[in-house]
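Here is a friendly walk through one protein model, written for someone who works at the bench. Keep the sequence and the 3D view open as you read.

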Amino acid sequence: MTIKYLKDVSVDGKKVLLRVDYNVPYDKQMSITDDTRITATVPTIQHCIDRKATIILVSHLGRPKGKPVPEMSLKPVARKLTEVLKREVKFIETPLGEKLKAEIDALPAGSIVLLENIRFYPGEEKNDKELGKQLASLCDVYVDDAFAAAHRGHSSNDAITQYVKECAAGFLLQDEIEYFKKAMEKPERPLGAIIGGAKVSSKLEALNNIIPKVNFIIIGGGMAFTFLKAKGMEVGKSILEEELVGTAKDIMKNAESKGVELLLPVDVVIAKAFENESPRQVVPVDKIPADSIGLDIGPESVKLFSKKIKSAKTVIWNGPMGAFEMPNFAAGTNQIAETIANSALLSIVGGGDSVTAVNQAGVSEKISYISTGGGAFLELLEGKKLPAIVALDK
Ligand code: AMP
């Protein structure tokens, strides 16, 4: 695949349509509670500002399902971006069409505008060609910096590429692509994957795809219990996908046949209820009482996993080691985050919960790369080609 990066194309004085992912969380007062996705696009915007380009920002927010929903307007985002960039970002409500085109054409060179939520149009999620064409007609160059939306082929990140003269990946998308390649295609070995989270079912494809690529896999979180059950252990009331016990056995066999070490917890923190205040106890994995729930990995598992992580040159992490939203069951996840952060290795963390976990552990500065994608990152782990990235390959 040969896609162009922003650094390879000229945007000098041109009209650039920049697809960003400003699908940011809001509170009830409509104020943005986390602006990570906004600040992550600043290098690309600044590059265009420095080259006197006119920037037309396009994003989605929430799931308005093809019609205008006032609470999902991007207006507050334009205000926030104005603050972040310290220059005016004009919010344009005019719908796509000749009037908007005239408005954009009349903008003074170097303007920055943000269009209204692109998912207010029914064609967007259908990857409607006409909508892609209309968007393309607004610009000279199309730049995609919306990694978190790249697993969806929609008009504003897929169809549009058929109608623009030039398209490229912005700096954020470039980083996402290159760090992932560095880790999974040409890694410094040993390469390890740390996979956690609630269920095996949601990580099944990822597990199957990474087995032939990695040297070891660490499995933690709720999904570990289906594997422990597959090894003949009783897991009490822990989260279990009974119908996947056979699949878990196959995964373990597959890993073994490929010489991939698969590490499971050796002890767990249990409680009688799924509640932070429920009294805790640490037990070996083969001694989980019938009335208890495993909610975190135990200290011996942390030691075992940490030793393995320290032996690696590259690790990729997706999914927490326990029900880490409850502080009393967050120690395992936090300690694994600290081990990764304090080891001399290339570390890539992706998926909403694991990103929250490294932030919660206060170690995000020491992670080599934190992906901005949840679903998109998981689909890369699953070995899928992301439609928006494929579309850039012209
Ligand atoms: P995922 O989105 O699949 O990465 O799963 C993340 C969720 O898994 C988080 O909300 C965690 O609370 C949950 N989780 C992790 N470990 C456990 C566990 N042992 N029991 C129940 N839920 C868990």
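## A starting point

In which loop is Lys52 found? Lys52 sits in the loop between H2 and E2. The names H and E stand for helices (DSSP runs of H or I, at least four residues) and strands (DSSP runs of E, at least two), numbered from the N terminus.

A word on the ground rules: this is a predicted model, where local features need pLDDT of at least 70 and side-chain atom pairs count only at pLDDT 80 or more, while totals for chains, interfaces and linings use all residues. Residues are numbered from 1 along each chain as its sequence is written, and side-chain values use heavy atoms, with hydrogens and water left out.

## The chain as a whole

The protein chain holds 14 helices and 15 strands. Its C-alpha trace spans about 70 × 45 × 35 Å along the principal axes. The radius of gyration is 23 Å, which agrees with the value near 21 Å for a compact globule of 394 residues. That radius is taken over C-alpha atoms, and the globule rule is 2.2 Å times the number of residues to the power 0.38.

Of the 394 residues, 56% count as buried. Here buried means under 20% relative accessible area, exposed means over 50%, and partly exposed lies in between (1.4 Å probe, protein chains only). Contacts (heavy atoms within 4.5 Å) often link distant parts of the sequence: among those between residues at least 6 apart, 74% join residues at least 24 apart.

The accessible surface comes to about 17,100 Å², and 50% of it belongs to carbon and sulfur atoms. These areas come from the Shrake-Rupley method with a 1.4 Å probe; for residues, only the protein chains shown count as cover. As for charge, the mean positions of the 51 positive and 51 negative charges are 2 Å apart. Lys and Arg count as positive and Asp and Glu as negative, with His and the chain ends not counted. Each charge is placed at NZ of Lys, CZ of Arg, CG of Asp or CD of Glu.

## Helix H2 and what follows it

Which residues of helix H2 (residues 42-50) are buried? They are Thr44, Ile45, His47, Cys48 and Ile49. The cover over these buried residues includes strands E1 (15-19), E2 (54-58), E4 (112-115) and E5 (141-144), along with helices H3 (75-85) and H6 (171-184).

After H2 comes Lys52, with a positive phi near 55 degrees. Lys52 counts as exposed because its relative accessibility is 59%.

## Backbone points to look at

Most residues other than glycine have a negative phi, and most peptide bonds are trans. Besides Lys52, have a look at Lys86, where phi is near 60 degrees, a positive value in a residue other than glycine. Lys86 belongs to the loop between H3 and E3, and with a relative accessible area of 74% it is exposed.

The peptide bond from Arg189 to Pro190 is cis, with omega near 0 degrees. Pro190 lies in the loop between H6 and strand E7 (191-195).

## Loop residues, buried and exposed

Thr94 is in the loop between strand E3 (90-92) and helix H4 (98-105). Is Thr94 buried or exposed? Its relative accessibility is 15%, so Thr94 counts as buried. Not counting residues up to four places away in sequence, Thr94 touches Lys99, Leu100 and Glu103. With Glu103 there is also a side-chain to side-chain polar contact at 2.7 Å. A polar contact is a pair of N or O atoms within 3.5 Å; within protein, one must be able to donate a hydrogen and the other to accept it, and residues adjacent in sequence count only if both atoms are side-chain atoms.

Val363, in the loop between helix H12 (352-360) and strand E15 (369-370), is buried at 8% relative accessibility. Leaving aside neighbours within four places in sequence, Val363 contacts Ala337, Glu338, Ala341 and Val358. Lys165, by contrast, is exposed, with a relative accessible area of 74%; this residue lies in the loop between E5 and strand E6 (166-169).

## Towards the end of the chain

Ala388 is found in helix H14 (residues 387-392) and counts as buried, at 0% relative accessibility. Apart from neighbours within four places in sequence, Ala388 is in contact with Asp144, Ala150 and Asn157.
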